[in-house]
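I open this notebook page to keep track of what I look up, entry by entry, beginning with empty space and then turning to the sheet.

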Amino acid sequence: MAISVASLASSFASLSFSSQISQKPYAVSLAHSKQFSFSLTSKIPTLVVSASVTEAPETEELETRENLLKLVKSRLPGGFAAQPIFGTGRRKSASARVVLQEGSGKIIINYRDAKEYLQGNPLWIQYVKTPLATLGYEASYDIFVKVEGGGLSGQAQAISLGIARALLKVSENHRKPLRVEGLLTRDARVVERKKVGLKKARKRPQFSKR
């Protein structure tokens with residue numbers, strides 16, 4: 001079936017298209033011999049950013065440490081060695097100097113609160129409070145501690161021994177109840193040294209017969 005070129009040209013000539021662009025942005029309309037139109041619109045969302053400046057917790061910690069430092073210096077004129085009621089405790093490689101003063105039960109370790117310094121560990125906090133709890137002095141004395149060496153566990157036990165020894169200077173009658181609880185005994189246990197040819201103090205490499 002053959003179609004002549006003239007017939008095709010006449011059919012294309014009969015068709016008419018018209019395009020109109022509206023003044024509105026992002027809107028286009030096309031019209032055919034039969035009226036047909038469509039429009040595209042887009043809304044650009046608005047982005048709102050708000051920022052607020054808050055105080056960093058590090059600054060608050062620094063302020064509390066400065067306040068505790070001022071408190072210790074005001075309460076301990078002349079330093080730890082110049083105080084009448086003090087005790088020294090040791091455990092493993094930790095050494096603690098403890099000063100007792102009449103107060104409300106505050107415990108300050110290295111110019112920081114005891115709960116913060118001991119990371120809230122209930123066992124370590126119990127080590128520190130046991131000598132006072134044994135005699136019923138939880139809210140009768142403020143404790144100021146300067147400790148160094150070892151880890152937190154050894155430091156807590158060193159502080160416990162230092163508090164017990166300081167309580168003996170308050171009254172010699174405290175010796176018996178503290179001795180019964182074993183709070184005046186220096187724990188001499190330390191980690192055993194590694195031996196040559198062994199992996200640890202006692203652990204040996206696997207034996208091979210051949």
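How many cavities of 30 Å³ or more does the count come to? I note beforehand that I am working with a predicted model. The count comes to one cavity of 30 Å³ or more, and I find about 40 Å³ of space in the largest cavity.

**Entry: the cavity lining.** I looked up which residues line the largest cavity, and I wrote down V72, F80, I108, N110, Y111, F144, V145 and K146. Sorted by kind, the residues of this lining are six nonpolar, one polar and one charged. Strand β7, residues 141–148, gives the largest share of the lining of the largest cavity, with three residues.

**Entry: the sheet.** Since β7 had come up, I looked next at how the strands are arranged, and I found five of them forming an open sheet in the order β3-β4-β7-β5-β6, with mixed pairing. The edge strands are β3 (86–91) and β6 (112–113), each of which pairs on one side only. As a reminder to myself, strands of a sheet pair through backbone hydrogen bonds, either parallel or antiparallel.

I then went through the pairs of strands. β3 and β4 are antiparallel and are paired over six bridges, and within this pair R91 has A94 in β4 as its bridge partner. The hairpin of β3 and β4 has two residues between the strands, and there K92 takes a positive phi near 55 degrees. β4 is also joined to β7, by eight bridges and in the antiparallel sense, and I noted that A96 stands opposite V147 in β7.

Which way do strand β5 and β7 run, parallel or antiparallel? Strand β5 (residues 107–109) and β7 run parallel and are joined by three bridges, and the bridge partner of I107 in β7 is I143. Helix α5 (residues 152–170) packs on the sheet, where it touches β3, β4 (94–102), β5 and β7, and the direction of α5 makes about 150 degrees with that of β3.

**Entry: the largest pocket.** I turned from the closed space to the open pockets, and for the largest pocket I have a volume of about 230 Å³. Its lining is made up of R90, R91, Y127, T130, Q157, S160, L161, G182, L183, T185 and D187. β3, α4 (122–135) and α5 are the elements that give two or more residues to this lining, and the largest share, three residues, comes from α5. I also note that R91, which has its bridge partner in β4, is among the residues that line the largest pocket. By kind, the residues of this lining divide into three nonpolar, five polar and three charged.

**Entry: the second largest pocket.** Which residues line the second largest pocket? I listed G105, I107, D113, A114, K115, L118, I125, V128, K129, L132 and E138, around a space of about 160 Å³. I107, which I had already met as the partner of I143, is one of these lining residues. Both α3 (114–117) and α4 supply at least two residues of the lining, and α4 gives the most, with four residues. The lining of the second largest pocket divides into six nonpolar residues, one polar and four charged.

Note on methods: Residues are numbered from 1 along each chain as its sequence is written. This is a predicted model: local features need pLDDT of at least 70, side-chain atom pairs count only at pLDDT 80 or more; totals for chains, interfaces and linings use all residues. Side-chain values use heavy atoms; hydrogens and water are left out. On a 1 Å grid over the protein atoms alone, a cavity is a set of points where a 1.4 Å probe fits but cannot get out, and a pocket is an open set with protein on both sides within 12 Å along at least five of seven lines; lining residues have an atom within 4 Å of a point. Grid points are joined across faces, edges and corners, and a volume is the space filled by probe spheres set on the points. Ala, Val, Leu, Ile, Met, Phe, Trp, Tyr, Cys and Pro count as nonpolar, Asp, Glu, Lys and Arg as charged, and the others, Gly among them, as polar. Two strands pair if DSSP finds at least two bridges between them. Contact means heavy atoms within 4.5 Å. Axes are lines fitted to C-alpha atoms, for helices over the stretch in contact, and angles run from 0 to 180 degrees between N-to-C directions.
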